[in-house]
Amino acid sequence: MTRPAPALITAASAVLVGIAAYAGTATLVAALLLGTVAVAGGWAALLNLPTPRGSTTVIALGGAVATAAAALTDDSAHLRWLPGVLAVTVLVEFAHQLFRRDMRPRLVESVTGVVSGVVVVAFGAGWLAALHDDGGDGVVLLGSAGALAAGMATGLPWPQRVTGPFALLGALSVGALAGALLPDERAVTGALVGFAVGVVVATFDRLLAHLPTAGQVQAATARAVAPVAASGLLVYVLGRLLS
């Protein structure tokens, strides 16, 4: 997969989250589950993990349960079950390792890789929590706008030492513009949320783009969708702090 393709996937994922939030909770849940499938389906290939089927299953299970828990929580503590979901999923991963029949080579690498994937998709539940919080769909819009700008910047045909700062600047600028266009004119909030999401997108690009498997279709899709999912918790926290 060529370099611009993951950037376009990141941008499309951000747009999907923003549109889904305006469409309602059920649509956003569907979008997050789609993102979970995309990350889970390629994470094992991206990190070259052993027993990819089991790894994919654990990651997908963790993301789906975290999303469902956030969607079904009605009070203000929208992510109250997230720590429990992560803890149980880690235990499930330990069980997965115990039932391996290949003498368990690269055990630590496998556990670490799967748990990191679970954390990425589970953090996606933060988009739901942000939608239900005081900031509502406005905060989700600011976060998705920042991810869109940063994602597009990472696809520019320049070295990462150049595209990284462009991603941060673009995310900050687009976030501020989106915030200024909101009815309550939250340009500063938009700039801060956009910049924070831009940091996540640029960091994932820096860490994962040079992996040997990063050009494979499923792996590239996973690394492109992962920063959008992982930004969910950050958007929720910043939305609560800045609202």
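**A tour of an all-helix chain**

Start with the whole chain: buried residues, meaning those under 20% relative accessible area with a 1.4 Å probe and protein chains only, make up 51% of its 243 residues. On that scale, exposed means over 50%, and partly exposed lies in between. This is a predicted model, in which local features need pLDDT of at least 70 and side-chain atom pairs count only at pLDDT 80 or more, while totals for chains, interfaces and linings use all residues. Residues are numbered from 1 along each chain as its sequence is written, and side-chain values use heavy atoms, with hydrogens and water left out.

**Stop 1: the overall view**

Switch to cartoon. There are 10 helices and zero strands. Helices (H or I, at least four residues) and strands (E, at least two) are DSSP runs, numbered from the N terminus. Rotate the C-alpha trace: along its principal axes it spans about 60 × 45 × 25 Å. The radius of gyration is 17 Å, which agrees with the value near 18 Å for a compact globule of 243 residues. That radius is taken over C-alpha atoms, and the globule rule is 2.2 Å times the number of residues to the power 0.38.

Now show contacts, meaning heavy atoms within 4.5 Å. Of those with a separation of 6 or more, 75% join residues 24 or more positions apart.

Turn on the surface. Its accessible area is about 10800 Å², and 72% of that belongs to carbon and sulfur atoms. The method is Shrake-Rupley with a 1.4 Å probe; for residues, only the protein chains shown count as cover.

**Stop 2: the cores**

Select Leu 28, Leu 79, Trp 127, Val 140 and Val 235. These have the most contacts inside the largest nonpolar core, which has 41 residues. Such a core is a set of buried Ala, Val, Leu, Ile, Met, Phe, Trp, Tyr and Cys residues joined through side-chain atoms within 4.5 Å. Which helix gives the most to this core? Color residues 136-154: helix α7 supplies seven residues.

Next, zoom in on Leu 79. Beyond residues up to four places away in sequence, Leu 79 touches Ala 70, Ala 125, Gly 126, Ala 129, Leu 233 and Tyr 236. Then pick Trp 43, Ala 44, Leu 46 and Ile 59. They are among the 21 residues of a second, separate core.

**Stop 3: Thr 10**

Go to helix α1, residues 4-23, and find Thr 10. Is Thr 10 buried or exposed? Thr 10 is buried, at 5% relative accessible area. Leaving out residues up to four places away in sequence, Thr 10 touches Ala 147, Gly 151, Val 201, Ala 224 and Val 228.

**Stop 4: two loop residues**

Select Thr 51, in the loop between α2 (25-46) and α3 (52-72). Thr 51 is partly exposed, with a relative accessible area of 25%. Its contacts, apart from neighbours within four places in sequence, are His 96, Arg 100 and Asp 102. Draw a line between the C-alpha atoms of Thr 51 and Arg 100: they are 7.8 Å apart, though 49 residues separate them along the chain.

Check the backbone too. Most residues other than glycine have a negative phi. Thr 51 has a positive phi, near 45°. Finish at Arg 104, in the loop between α4 (82-98) and α5 (107-123). Arg 104 is not a glycine, yet its phi is positive, about 55°. At 36% relative accessibility, Arg 104 is partly exposed.
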